[in-house]
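Visitor: Could you walk me through this model?
Guide: Sure, pull it up and we'll go from the overall fold down to one residue.

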Amino acid sequence: MIKGKPFVKWAGGKRQIIDKLIKYSPVEFNTYFEPFVGGGALLFELSPDKAVINDYNAELINVYECLKDEKKYKKMCSELNKYETLHSEEFYFEIRNLDRDKAKFNKMPDYKRASRTIYLNKACFNGLYRVNSKNEFNVPFNKKTKVNTYDGENLLVIHYLLNFKDIKILNCDFEESIKDAKKNDFIYFDPPYDSDTQTFNSYTENGFDKEEQKRLAKVFKELDNRGCYVMLSNHNTKLVHELYKDYHIHVIQAKRNINANGQKRGKVEEVIITNYESGE
Ligand SMILES: C[S@@+](CC[C@H](N)C(=O)[O-])C[C@H]1O[C@@H](n2cnc3c(N)ncnc32)[C@H](O)[C@@H]1O
């Protein structure tokens with residue numbers, strides 16, 4: 001089976017623990033739902049025939065949509081070729097600053113916005129996605145002289161996957177995105193992390209605080225009642241244990257690249273929670 005892989009580096013990306021996520025996933029299911037898709041590590045690994053993917057981040061979802069659409073995909077690729085040739089520190093800031101003029105930015109064609117998102121992700125410091133209170137991308141340049149936006153054949157592989165499989169792409173709140181989930185569907189939640197101390201978790205202009213974690217736990221329970229397979233990953237925190245005490249909590253070690261100051265790298269405890277017996 002040909003598999004794609006994340007086309008962007010994304011905070012909380014799950015490539016590091018992908019084997020464990022596969023181990024705890026159900027063997028069979030109907031539709032796959034990923035309400036916080038980010039870079040989509042598990043989506044690409046499972047490569048399901050039918051899926052609903054979603055993220056709150058409009059720029060990210062626009063890239064998935066351009067990867068799927070034949071015409072936009074082609075235009076995006078030639079734009080990326082251009083960016084690779086023009087790449088320099090000055091060019092990086094020129095592209096980064098396009099969102100400073102909102103009226104102009106909102107009129108930019110989708111394929112150009114998508115190319116910008118991929119390019120900035122590859123050329124910015126640590127592959128971070130961070131915007132300020134005006135929703136302006138503000139990550140510094142990574143100072144590399146070359147940028148590789150395509151990652152070999154990866155974009156083409158994803159283009160085919162999104163076309164030949166039945167994949168619906170949404171850009172809404174997680175709760176809205178699972179409203180059609182039914183018995184035997186599989187939902188994987190990878191929300192912004194909870195923390196016992198306050199750390200960086202601002203993925204979009206909206207933060208994801210403890211109240212959001214509680215709202216998510218209610219949705220988890222509701223899907224459990226519907227007869228869905230539900231899996232969730234998060235940090236191993238007190239709140240997470242309390243919210244999911246009625247379910248199977250598997251504690252795992254993960255290496256993390258992006259945290260509070262964007263520099264510390266180390267092992268942290270994470271959990272994979274399921275509402276079904278799995279992978280033991
Ligand atoms: C931990 S990341 C997902 C990482 C992903 N699994 C990967 O492998 O790259 C969390 C994602 O949730 C999205 N998000 C935050 N709040 C949301 C909400 N209320 N509804 C839907 N998505 C949200 C963020 O934009 C971010 O992409």
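**Domains first, then details**

Visitor: Which domains does the domain assignment give for the protein chain?
Guide: The bounds come from an automatic or database domain assignment. This is a predicted model, where local features need pLDDT of at least 70, side-chain atom pairs count only at pLDDT 80 or more, and totals for chains, interfaces and linings use all residues. Residues are numbered from 1 along each chain as its sequence is written. On that numbering, the protein chain has domain 1 (15-56 + 172-274) and domain 2 (58-164).

Visitor: What distance separates the centres of domain 1 and domain 2?
Guide: Each centre is taken over C-alpha atoms. Between domain 1 and domain 2, that gives 25 Å.

Visitor: How many helices and strands are there in the protein chain?
Guide: Both are DSSP runs numbered from the N terminus: helices are H or I with at least four residues, strands are E with at least two. The tally for the protein chain is 11 helices and 7 strands.

Visitor: And what is the radius of gyration of the protein chain?
Guide: It's taken over C-alpha atoms, and the globule rule is 2.2 Å times the number of residues to the power 0.38. For 280 residues the rule gives 19 Å, and the chain comes close to that, so it is as compact as a globular protein of that length, with a radius of gyration of 19 Å.

Visitor: How do H4 and H7 pack, and at what angle?
Guide: Axes here are lines fitted to C-alpha atoms over the stretch in contact, with angles from 0 to 180 degrees between N-to-C directions. Helix H4 (residues 70-86) and helix H7 (residues 110-123) have axes 9 Å apart. Angles under 35 degrees count as roughly parallel, over 145 as roughly antiparallel, 65 to 115 as roughly perpendicular and the rest as oblique. H4 and H7 are therefore oblique, at about 45°.

Visitor: Is Val251 buried or exposed?
Guide: Val251 is found in strand E6 (residues 248-256). A residue is buried if 20 or more other C-beta atoms, placed from the backbone, lie within 10 Å of its own, exposed if 12 or fewer, and partly exposed in between. Because Val251 has 10 C-beta neighbours inside 10 Å, it counts as exposed.

Visitor: Which residues is Val251 in contact with?
Guide: Contact means C-beta atoms, placed from the backbone, within 7 Å. Leaving aside neighbours within four places in sequence, Val251 touches Asn236, Glu269 and Val271.

Terms used
Two residues are in contact if their C-beta atoms, placed from the backbone, lie within 7 Å.
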